[in-house]
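Me: I have a structure open on my screen and would like to understand the words people use for it. Could you take me through them one at a time?

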Amino acid sequence: RPTSHPAHLPMRTPATSAVWLLLVAFLLFQVRLRSPSPTRRPSSLAFSLAPKQMDQGTEPAAKRRREASDDLPQVLIVATGGTLDKAYPRLTGGWAFEIGEPAVGRILERVTPPGFQYDVQSVCAKDSQEITDEDRALVLAACEETSNEWIIVTHGTDTLIDTASFLGRRHTAGSRLAKKSICVTGAMRPERFVDTDAHFNLGVCFGALSLASPGVYVCMNGRVHPWDAVKRDMESGAFAAV
């Protein structure tokens, strides 16, 4: 016989039961959030890894990094000025430019992680039309005196081939350049400009140094040319193979 439900109590339905369960779960969750959490002990896995982590501490890791960096190729970058290094400091009174500090340092700081080590040596800071044979002799001396076998010369584009030829004629068997790879490059637009080609041309140099045999090369417009097999197209400004 079914029992009658008291009239003064609300009827329990599946819907009201679900609401009560959700309410109880919410209250328990709030209590747990407000109660202080017990201190967690490291797991057995953490303990088993600890000795290995201690063996690979900060000093040994730093030592390994130093040893790894010692294995990286050393590159000397000889800066001569040119468009690549041009800066436009004047704020009023029209345009004006000057040859600033070598831009190559700012470019290579963005290479992460670098696969090389480098030094920058500035021998002059000139527009390439002002470069003389005396300046080229300074470039030659820098290339001869370094112990690095990879060298990049940054140069203005107008007389870039002239300087490459100056070095190429002296890159002979038995000379101090005989075992060295030298890439001469520049830029059509200053490194300070958003649409500069300086980064691209410098990257081509590093790729060429990784593969080329000793010699002197002109690296421009995404191509690598031997110093005696390149010419300048005076209409387009491009460097092309002879």
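Reply: Gladly! Let's begin with the word contact, which means heavy atoms within 4.5 Å. This is a predicted model, and residues 24 or more positions apart account for 65% of its contacts with a separation of 6 or more. The chain has seven helices and 10 strands.

Me: What makes a residue such as H225 count as buried or exposed?

Reply: Buried means under 20% relative accessible area. H225 is at 2% relative accessibility, so it counts as buried. You will find H225 in strand β8, residues 223–226. Leaving aside residues up to four places away in sequence, H225 touches V216, Y217, V218, V230, F239, A240 and A241. Across the 242 residues of the chain, 35% count as buried.

Me: And why is H199 called partly exposed?

Reply: That label covers the range between buried, under 20%, and exposed, over 50%. H199 has 31% relative accessibility, so partly exposed is the right label. H199 is found in helix α7. Not counting residues up to four places away in sequence, H199 touches I107, R110 and E191. H199 and L108 are 91 residues apart in sequence, with their C-alpha atoms 8.6 Å apart in space.

Me: How do you know that helix α6 is largely enclosed by the rest of the structure?

Reply: Count its residues: eight of the nine in α6 (residues 160–168) are buried, so the helix is largely enclosed. The buried ones are L160, I161, T163, A164, S165, F166, L167 and G168. They pack against α5 (133–145), β5 (150–154), β6 (181–185), β7 (215–220), β9 (230–232) and β10 (239–241).

Me: What makes β7 largely enclosed?

Reply: Six of the six residues of β7 are buried, so the description fits this strand too. In a regular strand the side chains alternate between the two faces of the sheet. In β7, G215, Y217 and C219 point one way while V216, V218 and M220 point the other way, and all are buried.

Me: How do you know that β7 pairs with β6 and with β8?

Reply: Two strands pair if there are at least two bridges between them. β6 and β7 have four bridges and pair in the parallel sense, with V184 opposite V218 of β7. β7 and β8 also have four bridges, in the antiparallel sense, and here V218 stands opposite H225. The hairpin of β7 and β8 has two residues between the strands, and N221 takes a positive phi near 60° in it. On the other side of the story, β6, helix α7 (residues 198–211) and β7 make a left-handed β-α-β unit.

Me: Which strands form the open sheet, and what is its pairing?

Reply: Six strands form it, in the order β4-β1-β5-β6-β7-β8, and the pairing is mixed. β4 (117–126) and β8 each have a single partner strand, so they stand at the edges, with one side of each left without a neighbour in the sheet. From one strand to the next, the twist averages 20°.

Me: How do you know that β1 and β4 are partners?

Reply: The bridges tell us again: at least two are needed, and seven join strand β1 (residues 74–81) to β4, the two running parallel. G81 stands opposite K126 in β4.

Me: Where do the helices α5 and α6 pack on the sheet?

Reply: α5 touches β1, β4, β5 and β6, and its direction makes about 165° with that of β4. α6 touches β5, β6 and β7, and its direction makes about 165° with that of β7. Angles over 145 degrees count as roughly antiparallel, so α5 is roughly antiparallel to β4 and α6 is roughly antiparallel to β7.

Me: Finally, why is α5 called oblique to α6?

Reply: Two packed helices are described by the angle between their axes and the distance between the axes. The axes of α5 and α6 come within 10 Å and cross at roughly 55°. Roughly parallel would need an angle under 35 degrees, and roughly perpendicular runs from 65 to 115. The crossing angle fits neither, so α5 is oblique to α6. The contact is made by D133, R136, A137, V139 and L140 of α5 with D162, T163, F166 and L167 of α6. α5 passes α6 in a right-handed crossing.

How values were computed
Residues numbered from 1 in each chain as written. Predicted model: local features only at pLDDT ≥ 70, side-chain atom pairs only at ≥ 80, totals over all residues. Heavy atoms only, no water. Buried < 20%, exposed > 50% of the residue type's maximum accessible area, 1.4 Å probe, protein only. Right-handed = clockwise from strand over helix to strand, strands pointing away. Axes fitted to C-alpha atoms, helices over the stretch in contact; angles between N-to-C directions. Left-handed = near helix turned anticlockwise from the far one by under 90°.
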